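Please load the model in a viewer and keep the sequence panel open beside it. The stops below are given in the order in which they may be selected.

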Amino acid sequence: MKKQLVIVVTLLLILLLIRRVFGTTITNITRLLPRHATKTFPSRNKSQIEQIVVHHTAGAENQTPKQVATYHVGPNHVCDSGCPGILYHYYITRSGKIYQVNELETIAWHLAGQNTRSVGVVLAGNYDNYPATRVQLKALNKTIKAIERKVGRSLELTTHRGECPGCTQCPGDYLQAQIASV
Ligand SMILES: [Zn+2]
């Protein structure tokens, strides 16, 4: 009986360990997203990264990375004739799924004047109207840790509005307040 208990406890511990190691599932869809036919983003070295900037899509809750990429690649408010690709590095859905949408070495244009030093993380939804979900904030936390692991040091956490006061509402009143607790 005692031996069986030891086996069960050991199996549970192994399961917990597997969950811990593989729990941070970040799906890299960088190569699967629409890209501009001729334009490409400039590149950087990971050592140039200093901060993580949180954004919201300000769109529908169920908007997909592909839909946002399609919008960014076409003529839009940032690039008259379309941008090279999606303008963020990570995309977090309402259900907490994490997608990498650009390599960290790519300088994506999500924060005027500070793109070379910044990683852009966007949460799907409009956080002027409702708060981010608990799983979404958990996913944001995991994403931050994963980015810091990749660059090999801790980074500053900020928001679009935090870096550009008065020029944008992004990432929305609710998320702006929630970031403080991440
Ligand atoms: Zn933004």
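Select residues 51-56 and 118-123: these are strands β2 and β5, which pair in the parallel sense over six bridges. Strands pair if DSSP finds at least two bridges between them; strands (E, at least two residues) and helices (H or I, at least four) are DSSP runs, numbered from the N terminus. Within this pair, Val-54 has Val-121 of β5 as its bridge partner. In general, the strands of a sheet pair through backbone hydrogen bonds, either parallel or antiparallel.

The model is predicted, with local features requiring pLDDT of at least 70 and side-chain atom pairs counted only at pLDDT 80 or more, while totals for chains, interfaces and linings use all residues. Residues are numbered from 1 along each chain as its sequence is written, and side-chain values use heavy atoms, with hydrogens and water left out.

**The sheet and the helix across it**

Extend the selection to the whole sheet. Six strands make up an open sheet of mixed pairing, in the order β1-β4-β3-β5-β2-β6. The edges are held by β1 (26-28) and β6 (156-159); each has a single partner strand, so one side of each lacks a neighbour in the sheet. From one strand to the next, the twist averages 25°.

Now add residues 134-151. This is helix α3, which lies across β1, β2, β3, β4, β5 and β6 and runs at about 160° to β3. Such angles run from 0 to 180 degrees between N-to-C directions, with axes as lines fitted to C-alpha atoms, for helices over the stretch in contact; contact means heavy atoms within 4.5 Å.

**Thr-93**

Next, centre on Thr-93, in the loop between β3 (90-92) and β4 (98-100). Which residues does Thr-93 touch, not counting those up to four places away in sequence? They are Tyr-99, Ala-124 and Gln-136. Thr-93 counts as buried because its relative accessibility is 15%; buried means under 20% relative accessible area, exposed over 50%, and partly exposed in between (1.4 Å probe, protein chains only). A distance drawn from the C-alpha atom of Thr-93 to that of Ala-132, 39 residues apart along the chain, reads 9.8 Å.

**The zinc site**

Select the zinc ion together with His-55, His-160 and Cys-170. The protein donors are ND1 of His-55, ND1 of His-160 and SG of Cys-170, at 2.0 to 2.3 Å from the ion. Donors are N, O and S atoms within 2.8 Å of the metal (3.2 Å for Na, K and Ca); water is not among the atoms, so sites may look incomplete. The sequence spacing of the donor residues is H-x104-H-x9-C. Of these, His-160 belongs to helix α4 (residues 160-163) and Cys-170 to the loop between α4 and α5 (173-179), 10 residues apart. Both His-160 and Cys-170 are buried, with a relative accessible area of 7% for Cys-170.

Gly-162 also lies in helix α4, and at 42% relative accessibility Gly-162 counts as partly exposed. Its C-alpha atom is separated by 9.3 Å from that of Val-54, 108 residues apart along the chain.

**Disulfides**

Display the cysteine side chains. How many disulfides does a search of the whole structure find? There are two, where a disulfide is a pair of cysteine sulfur atoms within 2.5 Å.

- Cys-79 and Cys-83 have their sulfur atoms 1.9 Å apart, and their link is right-handed, with 95° about the S-S bond. Cys-79 is buried at 8%, and Cys-83 is buried at 0%.
- Cys-164 is joined to Cys-167, S to S 1.8 Å. Cys-164 is partly exposed at 25%, and Cys-167 is partly exposed at 46%.

**Salt bridges**

Finish with the charged side chains. The count comes to four salt bridges, each a side-chain nitrogen of Lys or Arg within 4 Å of a carboxyl oxygen of Asp or Glu. Among them are the following pairs, with the separation of the closest N and O atoms.

| Pair | Closest N and O atoms | Accessibility |
|---|---|---|
| Glu-105 and Lys-46 | 3.0 Å | Glu-105 partly exposed, 30%; Lys-46 partly exposed, 27% |
| Glu-61 and Arg-94 | 3.5 Å | Glu-61 partly exposed, 42%; Arg-94 buried, 18% |
| Asp-173 and Arg-161 | 2.9 Å | Asp-173 partly exposed, 43%; Arg-161 buried, 18% |
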